[in-house]
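Reader: I would like to go through the salt bridges of this model. Please show the structure before we begin.

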Amino acid sequence: MEVLTITTTSKTYPMYIGSGIIDQLPKLINETCNSVSKILVISDETVAGLYLDDIMNYLEKEYNDPLSFIIPSGESAKSFQVYYECQTYALSKGLDRSSLILALGGGVVGDLAGFVAATFMRGIPFIQIPTTLLAHDSAVGGKVAINHQLGKNLIGAFHQPNAVLYDIVFMSTLPVDELRSGFAEVIKHGLIWDENFYEWLVKEIKGISDLKGEKLQYAVRNGVSVKAMVVKEDEQEKGLRAILNFGHTLGHAIEAELGYGKITHGDAVAIGMIYALKLSEDVFESDLSSSKIESWFTLFDFPTRIPKEIDSEKLLFRMKKDKKATSGNVKMVLLKQLGEAVSVAVDDSQLLDLIKKSY
């Protein structure tokens, strides 16, 4: 088991990464949390069917009557309604300020359960237990949120977990499209921060089947390490942390316009990254080998073009509603070179022109 230390202005906490380490959960709770009155596990239908019984069995050995609440699977669960149902359940079962929430699942569960923890009685502790590759990104950094019909993750908070327990055994049951979705965020970390890591990915990962064992653990550790370094410098996204949104301005707009759940987050971000690379080449008059990167993406069946059914003007409107937009101006995370990302305000006409070329 490897232990990474995640340091932010508000909290320092451990992230445990390894294979077959979930049985250490009660011990890790004792090490990272003060006296715990009640434990509530929030999971989704898919993950609960695979792992919830084992988690509850581990907890029952150390804690009295651990509770669980199961939400629907998919991005649509990050809604006001499901959030309200979680809060109602927690209140009805007598959770208090000494209670603990465990987020067992992918990014949707982590975001929702984290926001429940952030707002229940003005904030209680929670622990992230990611079960997807995509969640290696969302489980670290404390950004928790739900969606609004006008945009993704627009209602949320910064609430750091007490710990993250990442057992890569959970990855063995992931469908290929979910592994691919998470791999997009791994690639992002290399592109924005660590060119050597990106080059390792190109050399070692030739297909989704390569994402297993030591290679998977190495990819997760390095991806998380990049995010940890960025979050340490800028916990609340007032400057540097914005670079973690590389590919996300267009990606989130595509997700919202298609309807949440119609395209995976990683596939949408993949399209957004290719778009951002091409825009970077235009803005900085550079050569980032965007065509070569686009060809590499096809090895994993990433989509690289905007879906034809999306109207370009509507897509630009969505981008202008992004959290990073200011006074209606779209700020894009672009690359000056591989490993060097910056946030740049881009004119609407330039954005729209490239959108029309990206179908």
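Reader: Is Lys152 buried or exposed?
Author: This is a predicted model. The relative accessible area of Lys152 is 7%. Buried means under 20%, so Lys152 counts as buried.

Reader: Which residue forms a salt bridge with Lys152?
Author: Lys152 lies in strand E8 (residues 151-158), and its partner sits 77 residues away, in the loop between strand E4 (67-71) and helix H3 (80-92). The closest N and O atoms of the pair are 3.7 Å apart, and a salt bridge needs them within 4 Å. The partner has 13% relative accessibility and therefore counts as buried. The residue is Glu75.

Reader: Which residue meets Lys78 in a salt bridge, 2.8 Å from N to O?
Author: Lys78 is in the loop between E4 and H3, and the partner is in helix H4 (residues 107-119), 33 residues apart from Lys78. Both side chains of the pair are buried. The partner is Asp111.

Reader: What is the distance between the closest N and O atoms of Lys188 and Glu185?
Author: Both residues lie in helix H6 (residues 176-193), three residues apart, about one turn of the helix. Lys188 and Glu185 are each buried. Their salt bridge has its closest N and O atoms at 2.9 Å.

Reader: Which residues are joined into one network by salt bridges that share partners?
Author: Glu75 pairs with Lys152, and Asp111 pairs with Lys78. Shared partners join these residues and one other into a single network. Its members are Lys152, Glu75, Lys78, Asp111 and Glu255.

Reader: How many salt bridges does a search of the whole structure find?
Author: The pairs discussed here include Glu75 with Lys152 and Lys188 with Glu185. For the whole structure, the number of salt bridges found is 17.

How values were computed: Residues are numbered from 1 along each chain as its sequence is written. This is a predicted model: local features need pLDDT of at least 70, side-chain atom pairs count only at pLDDT 80 or more; totals for chains, interfaces and linings use all residues. Side-chain values use heavy atoms; hydrogens and water are left out. A salt bridge is a side-chain nitrogen of Lys or Arg within 4 Å of a carboxyl oxygen of Asp or Glu. Helices (H or I, at least four residues) and strands (E, at least two) are DSSP runs, numbered from the N terminus. Buried means under 20% relative accessible area, exposed over 50%, partly exposed in between (1.4 Å probe, protein chains only).
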